[in-house]
Amino acid sequence: MPETSDTAGATEPSLEEQIAAYQREFQDLDPQVEQVVSALQRLNRRMNVAYGRQTATLGMSNAEWEVLKALVVSGAPYRLGPGELAKRLGLTPAAMTHRIDRMAAEGLVNRERDENNRVRVIVELTHEGREKWLEAMRMASVFEEDLLQDLDAEERRVLGAVLTRLLRRVEEAQPDAEGRLSDLD
């Protein structure tokens, strides 16, 4: 009789178990490096799930929150072209158009013709979109403060500096890796 796997009750192995398995299969593995990288990957995944739950309570997706963030980061008057938004978020123009269509229907953004170039479209954050972004930020701030509650100010500063150094190294080594890879989107 063939074996079947029941993934419904499966749990992810601990970091220690994962690293031990990797070392068993790949003896050249540096366990300290693997602990850092695996912990960052798991933290990122779990944070994305938490943010997704929060944005869902506001009636929007993480993907929509990303668009709102990009518009807010652009500064007042919170306007960008769809191509610039797509580039900032690592999306194809078609995916960006689909996302903007949904968000415009929900009243989070407006799509208007550029007064200086009638061919160009501008996406603008609405009052409702800004309010949703602010509420999501309030929720995220509570979550993030709770996440870092065991770190004092100096530990937070050092952690921030170290993670920023790692991010810069990846950005320098992979300058074309902004956003998502098209085959993973």
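This is a short tour of a predicted model, helix by helix, with something to select at each stop.

**Stop 1: helix H2**

Select residues 31–57, which make up helix H2. The helix has 27 residues. From first C-alpha to last, H2 reaches 39 Å, close to the 39 Å expected at 1.5 Å a residue.

Start at the N-terminal end. Show the side chain of aspartate 30, which caps H2 there. One of its side-chain oxygens lies 2.9 Å from the backbone nitrogen of glutamine 32.

Then go to the other end. Glycine 59 follows H2, and its phi is positive, near 80°. Keep glycine 59 in mind; it returns at Stop 4 as a contact of glutamate 64.

Now colour the buried positions of H2: Glu34, Ser38, Arg42, Met47, Ala50, Tyr51, Gln54 and Thr55. What covers them? Show helix H1 (15–25), helix H3 (62–73) and helix H6 (127–147); the cover includes these three.

**Stop 2: arginine 42**

Stay in H2 and centre on arginine 42. Is this arginine buried or exposed? Arginine 42 counts as buried because its relative accessibility is 11%, and the cut-off for buried is under 20%.

Show everything around the side chain. Leaving out residues up to four places away in sequence, arginine 42 touches Glu12, Pro13, Ser14, Leu15 and Gln18. Measure from C-alpha to C-alpha between arginine 42 and leucine 15: the model gives 9.2 Å. In sequence the two are 27 residues apart.

Next, pick glutamate 12. Its side chain and that of arginine 42 are joined by a polar contact of 3.5 Å.

**Stop 3: the nonpolar patch**

Switch on the surface. Select Val33, Val36, Val37, Leu40, Val158, Leu159, Val162, Leu163 and Leu166. Together they form a nonpolar patch with about 620 Å² of accessible area.

Which helices supply it? H2 and helix H7 (153–173) each give at least two residues. H7 provides the largest share, with 5 residues.

Zoom in on leucine 40, a patch member that sits in H2. Leucine 40 counts as partly exposed because its relative accessibility is 34%. Compare arginine 42 in the same view: that residue is buried, at 11%.

**Stop 4: helix H3 and glutamate 64**

Hide the surface and select H3. This helix has 12 residues. It reaches 16 Å from first C-alpha to last, close to the 16 Å expected at 1.5 Å a residue. After H3 comes glycine 75, with a positive phi near 90°.

Colour the buried residues of H3: Ala63, Glu64, Trp65, Val67, Leu68, Ala70, Leu71 and Val72.

Centre on glutamate 64, which lies in H3. How buried is this acidic side chain's residue? Its relative accessible area is 3%, so glutamate 64 is buried. Setting aside residues up to four places away in sequence, glutamate 64 touches Gly59, Arg102, Met103 and Glu106.

**Stop 5: salt bridges**

How many salt bridges does the structure hold? There are 12. Visit three of them.

Begin with arginine 24 and glutamate 25. Their closest N and O atoms are 3.1 Å apart. Glutamate 25 is exposed, with a relative accessible area of 60%. Arginine 24 is exposed too, at 57%.

Move to arginine 99 and glutamate 66, where the closest N and O atoms are 3.7 Å apart. Arginine 99 lies in helix H5 (residues 93–105) and glutamate 66 in H3, so this pair ties together parts that are 33 residues apart in sequence. Arginine 99 counts as buried, at 8% relative accessibility.

Then select helix H4 (residues 82–89), which holds both glutamate 84 and arginine 88. This salt bridge has its closest N and O atoms 2.8 Å apart. The partners are 4 residues apart, about one turn of the helix. An α-helix has 3.6 residues a turn, so residues three or four places apart point the same way. Glutamate 84 is partly exposed, with a relative accessible area of 33%. Arginine 88 counts as partly exposed as well, at 39%.

Finish with a network. Select Glu12, Arg42, Arg45 and Arg46, which are joined into one by salt bridges that share partners. That brings the view back to arginine 42 in H2, and to glutamate 12, its polar contact from Stop 2.

Notes
Residues are numbered from 1 along each chain as its sequence is written. This is a predicted model: local features need pLDDT of at least 70, side-chain atom pairs count only at pLDDT 80 or more; totals for chains, interfaces and linings use all residues. Side-chain values use heavy atoms; hydrogens and water are left out. Buried means under 20% relative accessible area, exposed over 50%, partly exposed in between (1.4 Å probe, protein chains only). Contact means heavy atoms within 4.5 Å. A polar contact is a pair of N or O atoms within 3.5 Å; within protein, one must be able to donate a hydrogen and the other to accept it, and residues adjacent in sequence count only if both atoms are side-chain atoms. Patches are made of residues with over 30% relative accessible area and no salt bridge: like charges are joined within 9 Å, nonpolar side chains (Val, Leu, Ile, Met, Phe, Trp, Tyr) within 5 Å. Accessible areas come from the Shrake-Rupley method with a 1.4 Å probe; for residues, only the protein chains shown count as cover. A salt bridge is a side-chain nitrogen of Lys or Arg within 4 Å of a carboxyl oxygen of Asp or Glu. The expected span of a helix is 1.5 Å times one less than its number of residues.
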